[in-house]
Amino acid sequence: MAGPRILLIVGGGIAAYKSCELVRMIRKGGGSVTCVLTDGGAKFVTPMALAALSENPVHTTLWDLRNEVEMGHIQLSRQADLIVVCPATANLLAKMAAGIADDLATTLLLATDKPVLVIPAMNVRMWDHAATRRNVETLREAGVSVMEPDEGPMACGEFGPGRLPEPEAIWRQVAEWFTGPDALPMQDGENWTPLFTETHAPADLPSFANEDDDGAPAGVGLGGLSASLIQRSGKRAAAFEDAAVTEAAVAAPAGPPPAGLVATKGKAKAAPPTDPEALNHLSGANSAPEPIAGDVHPVSVGGLPLAPFVKPGDGPLSGRHVLVTAGPTHEPIDPVRYIANRSSGQQGFAIAAAAARLGARVTLVTGPVWLETPPGVDRVDVETARQMNEAVKSALPADCAVMVAAVADWRTKDVSGSKIKKRGSAPPVLVLTENPDILATVGTSPAMRPQLLVGFAAETDKVLQHAAEKRKRKGADWIIANDVSFDAAGRSVMGGGTNTVHIVTRDGVEDLPEMSKDDVAAALVERIADALNEA
Ligand SMILES: Cc1cc2nc3c(=O)[nH]c(=O)nc-3n(C[C@H](O)[C@H](O)[C@H](O)COP(=O)(O)O)c2cc1C
């Protein structure tokens, strides 16, 4: 079972320091944690402590331009399986019950459709107060799980119910949410067996071994930790040596934005749809470029012969729909000129072919290339990024989408209806505008997103770091990163016959050796079949 993704809201109570231990327990148990700290919470624990323990950025404000461009307060909850409020102050309970949304925590709590588990902690009189009783009742009626606080001596010197339960008890409650009461993960000294087989737990989390279990004041308990907290170790951390830094620095949410919000590259709006008639090679006779005799590059599948092709009825991808995009896009300047890139389409075609060979129904949306359609593949030819965007949307739903196409980031704002002429000495000025971001649009739309979304990142520097950023930013499951810079002999992956790719996932990086594009395709499609069939 995959480890749960917990969004932990830490409120401004004296027990907030215990949230640090809770983060550690969730991670040791195989879950991942992203923290939101209220202003009050930040008076008791620092974002740095929570960031170091969770190995995730800590979110403290609604008014974060970088996050809110992508509706961060909505996305935060979308990327979580469960929201835990710990400690939940009387103030937070009241705001939640009343539907007040005046900071990041309360706004996302109001906006979320994810389950919410609330762990109150407060002075006994606050807990017993009629207003708090009412608020707890309202929340429970609304489907929020409110854990009963412990009874005992309190920091304020009084005695009674209101103490935060011990982190271990809270972790049990969290784990039960996903496993039921019979499969509780527990600690045997410092030896943890992660509850979730697909864990987010690093091999070596900072230890609280020297701390007073009963909970020292924040300054005491956390002060001694700082050195060990900052250090990263373990397999995942090593795999993301660069990327981990990036993921912490880039607060781009992985989850989808609100339905209807179409992602664009940067802050530009999505391009309007174009004429769908022009898109479909299958229905529009003249829209597809025809192969030129003697200039075709037939796509083999892992070295196997192409014909006769009989799609297997019981292949690992039988019954699945796989959508692949391939090739470059051409962005017209005038009737004779266009902006393009060096993509040959070979890698995408090879992937489409390999998926068909494993039994998938394959739709291949391709920019202008001179490649033969692989056997068993439905091909849709397009020219521009906007056409590709529309064709992709028309082809969905799919079980898996593999976005290999090198889609142009920009197009000219205006396309001249006639050939632009040389005029004296002044060259024409081309004003560019952004194209729709197809991968992000699909990745962040709940209605369109396939079960497995795979993007490609053609990079020339900081390949893994950029790929890890891209995966988060676009809401993709995997990014296949490859270095497309020219080698010493002036060769590039784009247009070449081989590829060296790195599969960047949420859990790390798998490096594949340099292989033919057919072999890369076979390796990827095999992993795709495994991922779909495991889910
Ligand atoms: C030292 C101190 C300890 C506090 N402890 C608690 C507490 O345990 N529970 C609680 O509900 N409020 C407590 N409060 C009051 C909250 O901090 C206050 O209501 C604050 O507005 C809560 O903000 P938040 O709910 O947005 O985090 C405490 C205040 C102080 C100064």
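Let me begin with a term: a residue is called buried if 20 or more other C-beta atoms lie within 10 Å of its own. The structure I am presenting this morning is a predicted model. With that cut-off in hand, I turn to helix H15, residues 385-395. The buried residues of H15 are Ala-385, Arg-386, Gln-387, Met-388, Asn-389, Glu-390, Ala-391, Val-392 and Ala-395. That is nine of its eleven residues, so H15 is largely enclosed by the rest of the structure. What lies over these residues? The cover includes the strands E10 (321-326), E11 (331-332), E13 (361-366), E14 (377-381) and E16 (410-412), together with helix H16 (438-443).

Just beyond this helix there is a backbone feature to point out. Leu-396 and Pro-397 are joined by a cis peptide bond, with omega at about 10°. Pro-397 belongs to the loop between H15 and strand E15, residues 400-403.

Let me now step back to the chain as a whole. The protein chain contains 18 helices and 23 strands. Of its 535 residues, 46% are buried. If we take the contacts between residues at least 6 apart in sequence, 73% of them join residues at least 24 apart.

Confidence should be kept in view throughout. The average pLDDT of the protein chain is 77, and 71% of the residues score at least 70. Over residues 184-192, however, the pLDDT is below 50, and this stretch has twelve contacts in the model beyond near neighbours in sequence. A second stretch, residues 206-307, also has pLDDT under 50. For residues 206-307 the model has 184 contacts beyond four places in sequence.

I come next to the parallel sheet. Five strands form an open sheet, in the order E2-E1-E3-E4-E5, with parallel pairing. Which strands stand at its edges? They are E2 and E5 (145-146); each has a single partner strand, so one side of each is left without a neighbour in the sheet.

Strand E1, residues 5-10, deserves a closer look. Six of the six residues of E1 are buried. In a regular strand, side chains alternate between the two faces of the sheet. In E1 both faces are covered: Arg-5, Leu-7 and Ile-9 are buried on one side, and Ile-6, Leu-8 and Val-10 on the other.

E1 pairs with E2, residues 32-37, in the parallel sense over six bridges. Within that pairing, Leu-8 has Cys-35 of E2 as its bridge partner. Between these two strands the chain passes through H1, and the resulting β-α-β crossover is right-handed. E1 also pairs with E3, again in the parallel sense, over four bridges. Here the bridge partner of Leu-8 is Val-84, while that of Leu-7 is Ile-83.

Strand E3 holds the second cis bond that I wish to show. The peptide bond from Cys-86 to Pro-87 is cis, with omega near -5°, and Pro-87 lies in E3.

Which helix is covered by elements of this sheet? The cover over the buried residues of H9 includes strand E1, helix H1 (18-28), strand E3 (82-88) and strand E4 (116-120). H9 runs over residues 167-179, and its 13 residues reach 18 Å from the first C-alpha to the last, close to the 18 Å expected. Its buried residues are Pro-167, Ile-170, Trp-171, Val-174 and Ala-175. Why do they line one face of the helix? Seen down the axis of H9, the buried residues fall within an arc of 135°, so they share one face. The general principle is that an α-helix has 3.6 residues a turn, so residues three or four places apart point the same way.

Two individual residues remain. Glu-55 has a positive phi of about 55°, although it is not a glycine. Glu-55 sits in the loop between helix H2 (47-54) and helix H3 (65-68). Is Glu-55 buried or exposed? It is buried, because 23 other C-beta atoms lie within 10 Å.

The other residue is Arg-471, in helix H17, residues 463-474. Arg-471 has 27 C-beta neighbours inside 10 Å and therefore counts as buried. Which residues does Arg-471 contact, leaving aside its neighbours within four places in sequence? They are Ala-476, Ile-479 and Val-504. Val-504 is 33 residues from Arg-471 along the chain, and the two C-alpha atoms are separated by 7.8 Å.

Terms used. Residues numbered from 1 in each chain as written. Predicted model: local features only at pLDDT ≥ 70, side-chain atom pairs only at ≥ 80, totals over all residues. Expected span 1.5 Å × (residues − 1). Buried ≥ 20, exposed ≤ 12 C-beta atoms within 10 Å, placed from the backbone. Arc of directions from axis to C-beta. Contact = placed C-beta atoms within 7 Å. Pairing = 2+ DSSP bridges. Right-handed = clockwise from strand over helix to strand, strands pointing away. pLDDT = per-residue confidence, 0-100.
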